[in-house]
Amino acid sequence: MKNGTCWLDDRGLPIQAHGGMILLHEGTYFWYGENKDAPTTGASVPLMGVSCYSSQDLRSWRHEGIVLSNRPDDPSHPLHPSKVCERPKVLYDPKNRRFVMWFHADSRDYALAMAGCAVADSPTGPFRFLGGQAPNRRDCRDMTLFQDPVSGKAYLVHSGDWNKTLYFSELTDDFLGFTGVCYPAMADQEREAPALWYQEGLYYAVTSGCTGWEPNSALYSVTPQLSNGMKLMDNPCSGPGYRRTFGAQSSYIFEIGGKPHILLDHWKPEDLKHSGYSILPMTIEGLWMEIAWREEFEGV
Ligand code: GAL
């Protein structure tokens, strides 16, 4: 697959999994993301729901359909087409054998800034919407989910205080609510599009600046503990277009063959449904991280 371009599913249609994530579950990769399959007006599309695709090799993607549906029937519903549902992320809860999704639930003007939650018994849904909330009474804009492999605790990692600070809001053991434990990170640095990773005693975050759909410089941060000390380090990108993240924005970090890879969105603000993707391998050694551009993603 050619990095930076619109990728097609098994039907030959553009993959609608923007701002998404890839979950490996029982040998199958599931790609969840925003369905933007509607005409773009004013740099936005109606809320279409969350799509899911499955794959064995990360190259051919089978369309599993919309797993969290919009609610055109109810204008006040957080999933009504007039609202915003972005950056959906899913964790598997093995104890309750449930898939838990969190996403950025917002009004079209991004003033509401809530975290939405949904659950399903199967990775391909259907996900049942449980509600939206302000985690620890804070706003939730760009976000991701991160499960700390050391403690097993999961966090909703969200831009808050109008994007000024990134918050780690600890989830309850069933991932459905918040414990009240919350760590701020990178105060006043205005970072968004968080993608998290842990390796050999260090936690890493790749984030973007706040320029909407326009690409800017990715920066990575490192800390030995999630509760504090997360420091901005450098732009990890190298190769053509490295100053503006190759024209893309971070979405999720996941493992392929024991090596971290990053999923990026190449937004097309004038035609969002044809936005492209890249998957790039990452080199991480202690305090150093590099994401080198590659024209092709070969899959597994
Ligand atoms: C970006 C954000 C996207 C989307 C967009 C809307 O900054 O990362 O997820 O919210 O703004 O303009």
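**Exercise 1. The largest pocket**

Task: In this predicted model, determine what volume the largest pocket has and which residues lie closest to its centre.

Solution.
Step 1. The volume of the largest pocket is about 590 Å³.
Step 2. Its lining consists of 23 residues, and W197, Y252, I253, F254 and E255 are the closest to the centre.
Step 3. Two or more lining residues come from each of these elements: strand 1 (18–25), strand 5 (84–93), strand 9 (143–147), strand 13 (192–199) and strand 18 (249–256).
Step 4. Sorted by class, the lining of the largest pocket holds 18 nonpolar, four polar and one charged residues.

**Exercise 2. The second largest pocket and the ligand**

Task: State which pocket corresponds to the space taken by the ligand, and describe the lining of the second largest pocket.

Solution.
Step 1. The ligand takes the space of the second largest pocket.
Step 2. This second largest pocket has a volume of about 300 Å³.
Step 3. It is lined by 15 residues, and those closest to its centre are E86, Y110, D142, E192 and G212.
Step 4. By class, the lining of the second largest pocket comprises five nonpolar, four polar and six charged residues.

**Exercise 3. The surroundings of the ligand**

Task: Identify the residues that surround the ligand, and give the distances from ligand oxygen atoms to the side chains of R87, D142 and E192.

Solution.
Step 1. Around the ligand stand E86, R87, Y110, D142, E192, G212, W213 and Q249.
Step 2. This shell contains two nonpolar, two polar and four charged residues.
Step 3. For R87, a side-chain N or O atom is 2.9 Å from an oxygen atom of the ligand.
Step 4. For D142, the corresponding distance from a side-chain N or O atom to a ligand oxygen is 2.5 Å.
Step 5. For E192, a polar side-chain atom is 2.2 Å from a ligand oxygen.
Step 6. On its own, the ligand has 310 Å² of accessible area, of which the protein covers 87%.

**Exercise 4. The cavity**

Task: Establish how many cavities of 30 Å³ or more the whole structure contains, and describe the lining of the largest cavity.

Solution.
Step 1. Rolling a probe the size of a water molecule over the atoms reveals where empty space remains.
Step 2. A search of the whole structure yields one cavity of 30 Å³ or more.
Step 3. The largest cavity encloses about 120 Å³ of space.
Step 4. Among its 16 lining residues, K36, V45, P46, L47 and C85 lie nearest the centre.
Step 5. Strand 5 supplies the largest share of this lining, namely three residues.
Step 6. The lining of the largest cavity divides by class into eight nonpolar, three polar and five charged residues.

Definitions and conventions. Residues are numbered from 1 along each chain as its sequence is written. This is a predicted model: local features need pLDDT of at least 70, side-chain atom pairs count only at pLDDT 80 or more; totals for chains, interfaces and linings use all residues. Side-chain values use heavy atoms; hydrogens and water are left out. A residue is near a molecule or strand if one of its heavy atoms lies within 4 Å of it. A polar contact is a pair of N or O atoms within 3.5 Å; within protein, one must be able to donate a hydrogen and the other to accept it, and residues adjacent in sequence count only if both atoms are side-chain atoms. Accessible areas come from the Shrake-Rupley method with a 1.4 Å probe; for residues, only the protein chains shown count as cover. On a 1 Å grid over the protein atoms alone, a cavity is a set of points where a 1.4 Å probe fits but cannot get out, and a pocket is an open set with protein on both sides within 12 Å along at least five of seven lines; lining residues have an atom within 4 Å of a point. A molecule sits in a cavity or pocket if more than half of its atoms lie within 2 Å of its grid points. Ala, Val, Leu, Ile, Met, Phe, Trp, Tyr, Cys and Pro count as nonpolar, Asp, Glu, Lys and Arg as charged, and the others, Gly among them, as polar. Grid points are joined across faces, edges and corners, and a volume is the space filled by probe spheres set on the points. Helices (H or I, at least four residues) and strands (E, at least two) are DSSP runs, numbered from the N terminus.
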